[in-house]
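Subject: Structure handover and notes

Hello,

Here is the structure you will be taking over. The sequence and coordinates come first, and my notes are underneath.

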Amino acid sequence: MQELEKEKNFVLLTQIYVEEGRVDDALAALTQAEKTKQRSYYFEPTGLRLSVARLAEETRPAAAIEIYRAQAQQEIAGRQRDSYASAARHLQQVKRLYARLGENARWDALIAQIRQENSRLRALKEELPKAGL
């Protein structure tokens, strides 16, 4: 681990921390990997981000919310129906986490903002209700 830290191999460190269940370390390493735009032959950024988000749900729900929200925004920017369906799945996680935290008003504001900013995207407007959003 010290060698990976020395080499600043944040992608591999993130993967290891996820496997070991080290939430804070995984979040920190993911942040560094994204900040330095590290890429690896085995690195699939979406999968790694979502692995960290799933790990963070219990103890760091706010961090998980931010990862899911950012991923949903990225999917929406893809401007394809499949991307909108994927974004809706990520937003379901955000809604669930906000509900668990008792922050339903924040969820309502977020989904209203997403709907307003993307009001011309018919397929997205169709996918959100399909996902119960």
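The notes below go from the overall make-up to the core, then to the helix pairs and a few individual residues.

Please keep in mind that this is a predicted model.

Overall make-up

The chain has eight helices and zero strands, so the order along the sequence is simply α-α-α-α-α-α-α-α. Of its 133 residues, 41% count as buried. Among contacts with a separation of 6 or more, 55% are between residues 24 or more positions apart.

The core

The largest nonpolar core holds 39 residues, and Leu91 and Trp107 touch the most other members. Two or more residues come from each of α2 (10-20), α3 (23-35), α4 (45-56), α5 (61-77), α6 (81-101), α7 (104-117) and α8 (122-130). The biggest contribution is that of α6, with seven residues.

What does leucine 91 touch once its neighbours within four places in sequence are left aside? Its contacts are then Ala72, Trp107, Ile111, Ile114, Leu128 and Leu133. Trp107 is thus on the contact list of leucine 91, and these two residues are the ones that touch the most other core members.

Buried faces of two helices

In α2 the buried residues are Phe10, Val11, Leu13, Thr14, Tyr17 and Val18. They sit on the same side of α2, because the arc they cover around the axis is only 160°. The general background is that an α-helix has 3.6 residues a turn, so residues three or four places apart point the same way.

In α8, Ala123, Leu124, Glu127 and Leu128 are buried. Viewed down the axis of α8, these buried residues fall within an arc of 135° and so line one face of the helix. The cover over them includes α5, α6 and α7.

Helix pairs

Three pairs are written up here. As usual, two packed helices are described by the angle between their axes and the distance between the axes.

α4 and α5: the axes come within 8 Å and cross at roughly 150°. Angles over 145 degrees count as roughly antiparallel, and α4 is therefore roughly antiparallel to α5. The crossing is left-handed. On the α4 side the residues involved are Thr46, Arg49, Leu50, Val52, Ala53, Arg54 and Ala56, and they meet Pro61, Ala64, Ile67, Tyr68, Gln71 and Gln74 in α5.

α5 and α6: the packing angle is about 160°, with the axes 8 Å apart. This pair, too, is therefore roughly antiparallel. α5 passes α6 in a left-handed crossing. From α5 the contact is made by Pro61, Ala64, Ile65, Tyr68, Arg69, Gln71, Ala72, Glu75 and Ile76. From α6 it is made by Ser83, Tyr84, Ser86, Ala87, His90, Leu91, Gln93, Val94, Leu97, Tyr98, Arg100 and Leu101. Pro61, Ala64, Tyr68 and Gln71 of α5 appear in this contact and are also met by residues of α4.

α6 and α8: the axes come within 9 Å and cross at roughly 40°. The two helices are therefore oblique to each other, and α6 passes α8 in a right-handed crossing. Arg81, Tyr84, Ala85, Ala88 and Leu91 in α6 meet Arg122, Ala123, Leu124, Glu126, Glu127, Leu128 and Lys130 in α8. Leu91 therefore takes part in this contact, as well as in the one between α5 and α6.

Loops and backbone angles

Three residues have a positive phi that you may want to look at. Glycine 21, which follows α2, has a phi near 75°. Glycine 132, just after α8, has one of about 80°. Arginine 79 has a positive phi of about 55° although it is not a glycine.

Where is arginine 79? It lies in the loop between α5 and α6, and it is exposed, with a relative accessible area of 54%.

Arginine 22 is in the loop between α2 and α3. With a relative accessible area of 33%, arginine 22 is partly exposed. From arginine 22 to valine 52 the separation is 30 residues in sequence and 9.6 Å in space, C-alpha to C-alpha. Valine 52 is one of the α4 residues that meet α5.

Regards

Terms used. Residues are numbered from 1 along each chain as its sequence is written. This is a predicted model: local features need pLDDT of at least 70, side-chain atom pairs count only at pLDDT 80 or more; totals for chains, interfaces and linings use all residues. Side-chain values use heavy atoms; hydrogens and water are left out. A nonpolar core is a set of buried Ala, Val, Leu, Ile, Met, Phe, Trp, Tyr and Cys residues joined through side-chain atoms within 4.5 Å. Buried means under 20% relative accessible area, exposed over 50%, partly exposed in between (1.4 Å probe, protein chains only). Helices (H or I, at least four residues) and strands (E, at least two) are DSSP runs, numbered from the N terminus. Contact means heavy atoms within 4.5 Å. The arc is that of the directions from the helix axis to the C-beta atoms. Axes are lines fitted to C-alpha atoms, for helices over the stretch in contact, and angles run from 0 to 180 degrees between N-to-C directions. Angles under 35 degrees count as roughly parallel, over 145 as roughly antiparallel, 65 to 115 as roughly perpendicular and the rest as oblique. A crossing is left-handed if the near helix is turned anticlockwise from the far one by less than a right angle, and right-handed if clockwise.
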